[in-house]
Amino acid sequence: MNGFQLQQMVTDIENGWRVSHFCTTRLGISRKMLVSIKNHGDITRNGQHVNVHDVLHAGDHVHIFFPEETPAPDMVATEGELDILFEDDWLLVVNKPPGMASIPSRLHPERSLSNYVLGYYRKQGIPYAIHIVNRLDRDTSGLVLFAKHGLAHHRMSLMQRSNELERHYLAYAPGNVPVQTIDQPIGQTDHSFMERMVRPDGQRAITHILNSRLVRAFDQEISLLDIRLETGRTHQIRVHLAFLGHPLIGDTMYQGNPLLPRQALHSASATFLHPATGERVRFEAPLPEDLRLE
């Protein structure tokens, strides 16, 4: 089998647990994923196939064979350079340049970051589909997380939902923007499929401006902001700063001053517990040259 595999020894605490309970509780496998393993993968105990209702005993060696993963049939594998910040059997952390979409679209089916990651997987013989954890707008640069396989993606998604995946962004906005928390719902505008706005019937969105430092650029004072997202709505930072009256420099969709050819927003870091080891890890993407304004 070419799918992901996971091995674990049953401890005294887990003595007498059923295989299904061991998989969902100890290994963090979702019930939907467990059904897929039953139908298309395998579970063995001490080298012998077991049923999910079988009972385990302390010292048993459990081996999970996950189903093989295949990318979407219309997903193009594109060869090209990737700025890889970190890689192991569970995660791929990439620094995305501005001007590149995170995922393919009808207009750009072959040159998104996900296409290049799939091309890298093919070249390296990595037998997994694409599991992107955090998407960035086309003109936002910086750190993007990819889970290597379904289990890694499931565990990262749980961290996102419980706000245990801490993401920081650097942004430039005009004027003096004070440190604050913006808790304003965001929804789609009535006139555009792409554009968003603060509106009472939108989804709750929370943006924390943790630090604000005045710098001099473009013959004016602007704020360099350290921002942490608590939620991940489409265009969230862009919409919230425009709502404050400080739209991102270069963000013409939200009336930002076109002093740069793209919005001045960069995904700078991500901090979380590694989905395999539980160790706290932090990854950083350096500020690109076009946003070094000081």
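**Exercise 1. Which residues lie nearest the centre of the second largest pocket, and how many residues line that pocket?**

Start with the model itself: it is predicted, so keep that in mind as you work.

Step 1. Look for the residues nearest the pocket's centre. You should land on Met33, Glu69, His131, Gly150 and Leu151, and the whole lining comes to 17 residues.

Step 2. Now ask which elements give two or more residues to this lining. They are helix H2 (31-40) and H4. H4 supplies the largest share, six residues.

Step 3. Sort the lining by class. You get five nonpolar, eight polar and four charged residues.

Step 4. Finish with the volume, which is about 290 Å³ for the second largest pocket.

**Exercise 2. Describe the largest pocket in the same way.**

Step 1. Begin with volume: the largest pocket holds about 1300 Å³ of space.

Step 2. Go to the lining. There are 40 residues around this pocket, and Arg135, Leu136, Asp137, Thr234 and His235 are the ones nearest its centre.

Step 3. Match the lining to elements. Helix H4 (150-161), strand S9 (166-174) and helix H5 (236-244) each give two or more residues. H4 gives the most here, with five.

Step 4. Split by class again: 15 nonpolar, 15 polar and 10 charged residues line the largest pocket.

**Exercise 3. Find the largest nonpolar core, then zoom in on Ile43.**

Step 1. Count the members: the largest nonpolar core has 63 residues.

Step 2. Pick out the ones with the most contacts inside this core. They are Ile29, Ile43, Ile64, Phe66, Leu145, Phe146 and Phe272.

Step 3. Follow Ile43 outwards, skipping residues up to four places away in sequence. Among the residues Ile43 touches are Val19, Cys23, Leu34, Ile37, Val50 and Ile64. Gln48, His49 and His63 are on the list of contacts too.

Step 4. Check for another core. A second, separate one has 11 residues, including Val215, Leu224, Leu287 and Leu293.

**Exercise 4. Work out what helix H1 packs against.**

Step 1. Locate H1 at residues 19-26 and list its buried residues: Val19, Ser20, Phe22, Cys23 and Thr24.

Step 2. See what these buried residues pack against. The partners are strand S1 (5-9), H2, strand S2 (42-45) and strand S4 (61-65).

Step 3. Look just past the helix. H1 is followed by Gly28, which has a positive phi, near 70°.

**Exercise 5. Are Asp219 and Gln255 buried or exposed?**

Step 1. Notice the backbone first. Asp219 isn't a glycine, yet its phi is positive, about 60°. Gln255 isn't a glycine either, and its phi is positive at about 65°.

Step 2. Place each residue. Asp219 is in the loop between strand S13 (206-217) and strand S14 (220-229). Gln255 is in the loop between H5 and strand S15 (265-273).

Step 3. Apply the cut-off: a residue counts as exposed when its relative accessible area is over 50%. Asp219 has 74% relative accessibility, so Asp219 counts as exposed. Gln255 has 62%, so Gln255 counts as exposed.

**Exercise 6. Describe the stretch that UniProt marks as a domain.**

Step 1. Read the record: an unreviewed UniProt entry places "domain: Pseudouridine synthase RsuA/RluA-like" at residues 91-242.

Step 2. Check the make-up of residues 91-242. The chain there is 20% helix and 37% strand.

Step 3. Take the distance between the two end C-alpha atoms of residues 91-242: they are 34 Å apart.

Technical notes:
Residues are numbered from 1 along each chain as its sequence is written. This is a predicted model: local features need pLDDT of at least 70, side-chain atom pairs count only at pLDDT 80 or more; totals for chains, interfaces and linings use all residues. Side-chain values use heavy atoms; hydrogens and water are left out. On a 1 Å grid over the protein atoms alone, a cavity is a set of points where a 1.4 Å probe fits but cannot get out, and a pocket is an open set with protein on both sides within 12 Å along at least five of seven lines; lining residues have an atom within 4 Å of a point. Grid points are joined across faces, edges and corners, and a volume is the space filled by probe spheres set on the points. Helices (H or I, at least four residues) and strands (E, at least two) are DSSP runs, numbered from the N terminus. Ala, Val, Leu, Ile, Met, Phe, Trp, Tyr, Cys and Pro count as nonpolar, Asp, Glu, Lys and Arg as charged, and the others, Gly among them, as polar. A nonpolar core is a set of buried Ala, Val, Leu, Ile, Met, Phe, Trp, Tyr and Cys residues joined through side-chain atoms within 4.5 Å. Buried means under 20% relative accessible area, exposed over 50%, partly exposed in between (1.4 Å probe, protein chains only). Contact means heavy atoms within 4.5 Å. UniProt positions are given in the numbering used here, feature names are shortened, and annotations may be inferred rather than shown by experiment.
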